[in-house]
Amino acid sequence: MGIPRVFNKKNRILLAELTKTDFKLRYQGSVLGYLWALLRPLMMFAILYIVFAKLLRFGNNIPHYPVYLLCGTTMWSFFTECTSQGIQAMVVRGDLIRKISFPKYIVVISSTFTAVINMLINLLVIIIFAIINGVTPSLSWLLVPLSLLELYVLSLGITFLLGAINVKYRDITAIWDVCIQALFYAVPIIYPISMVIEVSPLAAKIILLNPIAQAIQDIRHNLITPMTTTTWEIIGNFWLQILPIILVIVLLILAALYFRKKSKFFAEEI
Amino acid sequence: MKTKTGTRQVIQNPNNDIAISVTKLYKSFKLPTERAYGVKQAIFNRIIGIKGYKKQNVLNGIDLEIKKGEFVGIVGRNGSGKSTLLKILAGIYYPEKGNITINGSLIPFIELGVGFNPELTGRENVYLNGALLGFSNKEIDEMYDEIVEFAELEDFMDQKLKNFSSGMQVRLAFSIAIKAEGDILVLDEVLAVGDEAFQVKCNQFFNKIKKDKSKTVILVSHSMASVRQFCSRAILIRNGRVEIDGTPEDVANSYSLENAQNFRSSTSDIPESKSIIKDLKINPLSSDQVTQKDSIKLDISYSVQENVDTFVAVTLWDIMRGQPLLNSNSKSHLCSGSGQKSLIFSTNLTELNDANIRVYVSIKNSVDETLVFAPDENSPTLILRRSDYPDANNKTTNAVLFNRGSFKINKD
């Protein structure tokens, strides 16, 4: 199964229909409807901003810290939304899988597309905020899509792997919730990585080997301020520098193979 | 552990007149005994050495070849593997062993309501469903009006599906399945769809598609009347094997017989072990599929342990209608005393209507006390199908061909 077959016309149409359905259903029955896609991350940002920037006085030495923080929380929301929705997708669509034969990975991808759309809209908000905040547009913005792609590929890899296991062992949903909580603090989103460097440079290096941290720091670096500490700056060894990216690619390939092998039996096991 | 799995391939070859070919298809399920719903349970089971499942062989080597234009009925009792076969044909389940080739596009209609979403409108569901079946929006645009018209839901399509009645939902799903331009239609238990008017419409559709030589239909049904009416060929599946592959009439009769044999009565109140009658044997000398021209003939033998006069009572029981058709006994020729007894019972069937018949035999003493009642597994079952169809109305209603009386018109 090559890439052309994976996204042939039939599958593209199905992907579009399922994405449309997911998108429509997500905010159905709420008064503000789709506005929540914007409001939720903004509100979360407001809370974090009050607690960490105003009360705890984090990030005083980072220019444009509010936008910097918003950028981090938005990317983090994208990652958690993608994975949480994706892992659940097979179970949510269980009755479809039991009745019609179609490529199962489309269900997973379509469920992550809502998160992608939300993220892109939020990215627009970030850019507007950034410009208001005095960030000058630069050529480095063109590198941002690469990091976004990396973050998405990582989410897909996790989703394919855990989603396939979740069909049989529903504990994965709960376990992943806890993992996300732990990961949130392992990634420099609310705290600047400089705080870690002061305490232990080694710990900072390990933190930035995490692909999520690497991607988010890259986005902040290219979009908001070159003052952001990135993996490329802090780690000297070339092979260690590209380790996060290799990890992401290898994970996606292995996860996709595993998903393909298991997907034959989803209809029976779900 | 690594075994070669089965394959299912879909081809588009208009020159080949085989629509579906199945060779040596096997499928088994692991039925969890102690369901490992979570990681904890799975690890725990592994540690204490519980396998956690029981292997159930559902399909045991199905070979099947269906030509284009055939209308094939698949019958079989619950749990015989029909639905599993259908799901494998439709690509929902994966074949464990064996090969399947589907020639053309296949539209499944399995377990009422093909994955509708209650929060979407009827219209949106049609498009989503169409996409799942592999149609583009443009193709569905072309089919849309016909689908809605067939389902008779013109006024409801912009309502959310959750506001549809269950009958309306099924009508819509069924209309999509049959109006979608597929080459092979796979239908599971659909004949109870909708109200009477809709059923008439479905019957018309089935009669039309039966004549269409480019469409292939596979229908799973428990209604032998529809199998006889629509199918050009029928297949009886038993224990995951093709038991009979033949005309709808043959298969429908065998199926009725199979069901009749499984009918259990609860009248055996005297176990043979406690009775003075031993070795009650009922040996049918006639076929288990009979017409009004045949007769039923039974060789009944038993041995009496004490010095008691006995006689045999025979009841022909109509299983479907739940009533006796004939009661007869040999009281006028009492068998005297102990020892081995043997009798032949026979009756003709000229006055009986189509029926699935269970023959009950009991042995009584001279004062009509039942000494032993033949257990069910010892009671012959037979299927009576008249070949002359004396009266279409009588055929399906009355057990016996009653004299229907006559009218003398005095004033018109």
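Begin by selecting G91(B), a residue that follows helix α2 of chain B and whose phi is positive, near 80°. As you look at this and at every later stop, keep in mind that the model in your viewer is a predicted one.

From G91(B), step back to the helix that it follows, α2(B), and select residues 82-89 of chain B. Is this helix largely enclosed or largely open? Because 7 of its 8 residues are buried, α2(B) is largely enclosed by the rest of the structure. If you would like to colour the buried residues, they are K82(B), T84(B), L85(B), L86(B), K87(B), I88(B) and L89(B).

Next, select the open sheet of chain B whose 4 strands come in the order β1-β5-β2-β3, with mixed pairing. Its edge strands are β1 (7-11) and β3 (53-67), each of which pairs on one side only. On average, neighbouring strands of this sheet are turned by 20° against each other, with direction ignored. To see one pairing in detail, show β1(B) together with β5(B), residues 97-103, since these two run in the parallel sense and share 5 bridges. Within that pair, you can find T7(B) standing opposite N99(B) of β5(B).

Now move along chain B to strand β13, residues 295-304. In general, the side chains of a regular strand alternate between the two faces of the sheet. In β13(B), the covered face holds I296(B), L298(B), I300(B), Y302(B) and V304(B), whereas the uncovered face holds S295(B), K297(B), D299(B), S301(B) and S303(B).

Which strands pair with β13(B)? One of them is β11(B), residues 277-284, which pairs with β13(B) in the antiparallel sense over 6 bridges, and here P284(B) has L298(B) as its bridge partner. Another is β16(B), residues 339-348, which also runs antiparallel to β13(B) and is joined to it by 10 bridges; select I300(B) and you will find that its bridge partner in β16(B) is L343(B).

For the last stop, select K208(B), which sits in helix α6 of chain B, residues 196-211. Is K208(B) buried or exposed? It counts as exposed, because it has 10 C-beta neighbours inside 10 Å, and the cut-off for an exposed residue is 12 or fewer. Finally, add F230(B) to the selection: although K208(B) and F230(B) are 22 residues apart in sequence, their C-alpha atoms are 9.6 Å apart in space.

Terms used:
Residues are numbered from 1 along each chain as its sequence is written. Chains are lettered from A and ligands numbered from 1 in the order in which they are written. This is a predicted model: local features need pLDDT of at least 70, side-chain atom pairs count only at pLDDT 80 or more; totals for chains, interfaces and linings use all residues. A residue is buried if 20 or more other C-beta atoms lie within 10 Å of its own, exposed if 12 or fewer, and partly exposed in between; C-beta atoms are placed from the backbone. Two strands pair if DSSP finds at least two bridges between them. Axes are lines fitted to C-alpha atoms, for helices over the stretch in contact, and angles run from 0 to 180 degrees between N-to-C directions.
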